[in-house]
Amino acid sequence: MITILLIIGFTYIVIRFISIKKQLRKIKIQLNKKERINIILNDKDVEKIAESFNIVLQEQKQLEINIRNREEKLKQSISNISHDLRTPLTAIRGYITLLENCTEKERNMYIGILSKKSEELNNLINNFYELSIFDNDSYQIDIKAIDIVEIIMETVISNYALIKNKEIEIDNKLPSKSIEIQGGEVVCSRIIQNLVSNAIKYSTGYISIELKEFDEYVIFKIRNSVSDLTQDDLKYLFDRFYTVDKSRNRSGSGLGLFIVKVLLDKIDGEVYEVSLSDDILSISILFRYL
């Protein structure tokens with residue numbers, strides 16, 4: 001009887017061993033093919049090993065996807081930068097050629113255009129440079145109390161010439177008192193400047209600015225009339241290099257609002273709300289108290 005039991009036990013062990021060996025071969029084949037491991041075996045240890053392999057495979061696949069996505073974004077970024085720099089440069093070279101044979105009146109006109117295109121090129125380069133600094137984990141901000149009302153008013157006043165030139169109506173709803181938020185002076189000034197510049201650039205004649213206090217935060221809302229903007233554009237407005245002009249023939253790098261988002265993250269702020277109604281774009285951002 002004991003001999004029979006030993007034979008049965010030994011036979012079971014051999015069959016078990018052969019079955020596990022087959023499963024391990026299957027696992028090896030699936031690993032070589034980078035496929036998810038599927039086993040049907042009542043062995044908890046092997047199942048745990050297979051589960052661990054599956055987790056590693058999934059992480060590896062996700063890493064490969066992320067790398068490919070970053071490579072595609074890098075290629076697109078390089079393409080966008082090249083196009084944005086080439087547009088004003090091509091215009092500048094063209095007008096320099098025209099200066100070689102023109103009247104005095106035409107010369108003055110071309111010089112004015114060259115000055116404008118040079119300024120566009122300078123702004124583009126500054127945006128690229130700022131992004132390389134701001135969008136970096138090593139960039140540190142000296143957080144302190146900032147009077148955001150003063151910064152907004154200074155920004156609007158510094159852009160008064162552009163506002164007047166475009167005949168834009170400004171609806172100022174700012175409070176008369178000071179409101180202090182946490183941030184850095186340079187960072188907060190850049191955030192407001194980029195928002196105001198964006199509103200001026202795309203406004204068809206109307207801009208409003210508003211600041212509201214809440215228990216734990218402050219909301220700055222800027223609204224401007226627009227044309228050729230759709231609801232689909234809203235979710236991309238703060239993306240890197242995004243411009244409503246898909247051909248990218250209009251001057252601009254598509255970095256202004258992206259830099260706003262990057263800087264808000266660094267001072268624990270956020271893009272609070274973006275909406276479009278009756279051709280009025282509304283952007284609200286959140287600042288926190290110190």
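The following exercises, each with a worked solution, concern a predicted model of a protein chain.

**Exercise 1. Overall composition**

Task: State how many helices and strands the protein chain has, and what share of its residues is buried.

Solution. The secondary structure amounts to 8 helices and 7 strands. Of the chain's 290 residues, 36% count as buried. The accessible surface is about 18500 Å², and carbon and sulfur atoms account for 54% of this area. Turning to contacts between residues at least 6 apart in sequence, 66% of them join residues at least 24 apart.

**Exercise 2. Helix lengths**

Task: Compare the spans of helices H3 and H6 with the values expected at 1.5 Å a residue.

Solution. The expected span is 1.5 Å times one less than the number of residues. Helix H3 has 31 residues and should therefore span 45 Å; its end C-alpha atoms lie 45 Å apart, in agreement. Helix H6, residues 185-202, contains 18 residues and reaches 26 Å from its first C-alpha to its last, close to the expected 26 Å.

The buried positions come next. In H3 they include Leu114, Leu121, Leu124, Phe128 and Leu131. In H6 they include Val187, Cys188, Ile191, Ile192 and Leu195. A general point assists in reading such lists: an α-helix has 3.6 residues a turn, so residues three or four places apart point the same way.

**Exercise 3. The surroundings of Glu185**

Task: Identify the residues in contact with Glu185, leaving aside its neighbours within four places in sequence.

Solution. Glu185 belongs to helix H6. With those neighbours set aside, its contacts are Ile146 and Ile151. A further spatial relation involves Ile141: this residue and Glu185 are 44 residues apart in sequence, while their C-alpha atoms are 9.4 Å apart.

**Exercise 4. Aromatic pairs**

Task: Explain why the pair of Tyr95 and Tyr110 is classed as it is, and which parts it ties together.

Solution. The structure holds 4 aromatic pairs. In one of them, the ring centres of Tyr95 and Tyr110 are 5.6 Å apart and the planes meet at 50°, so the pair is tilted. Tyr95 lies in helix H2 (residues 44-98) and Tyr110 in helix H3 (residues 104-134); the pair therefore ties together parts 15 residues apart in sequence. As to burial, Tyr95 has 23% relative accessibility and counts as partly exposed, whereas Tyr110, at 11%, counts as buried.

Phe214 and Tyr217 also form a tilted pair, with 5.3 Å between centres and 35° between planes. Phe214 is partly exposed, at a relative accessible area of 39%. Ring pairs link Phe214, Tyr217 and Tyr272 into a cluster.

**Exercise 5. The sheet and its helices**

Task: Give the strand order of the open sheet of 5 strands, name its edge strands and describe how helices H4 and H8 pack on it.

Solution. The order is S2-S4-S5-S7-S6, with mixed pairing. The edge strands, each pairing on one side only, are S2 (169-173) and S6 (270-277). Neighbouring strands are turned by 15° against each other on average, direction ignored.

Within the sheet, S5 (residues 217-225) and S7 (residues 280-288) pair in the antiparallel sense over 9 bridges. Ile222 has Ile283 in S7 as its bridge partner.

Helix H4 (residues 148-158) touches S2, S4, S5 and S7, and its direction makes about 170° with that of S4. Helix H8 (residues 256-266) touches S6 and S7, and its direction makes about 20° with that of S7.

Notes. Residues numbered from 1 in each chain as written. Predicted model: local features only at pLDDT ≥ 70, side-chain atom pairs only at ≥ 80, totals over all residues. Heavy atoms only, no water. Helix = DSSP H or I, 4+ residues; strand = E, 2+ residues; numbered from the N terminus. Buried < 20%, exposed > 50% of the residue type's maximum accessible area, 1.4 Å probe, protein only. Phe/Tyr/Trp six-rings, centres within 6.5 Å; stacked < 30°, edge-to-face > 60°. Pairing = 2+ DSSP bridges. Axes fitted to C-alpha atoms, helices over the stretch in contact; angles between N-to-C directions. Contact = heavy atoms within 4.5 Å. Areas by Shrake-Rupley, 256 points an atom, 1.4 Å probe, with all protein chains shown as cover.
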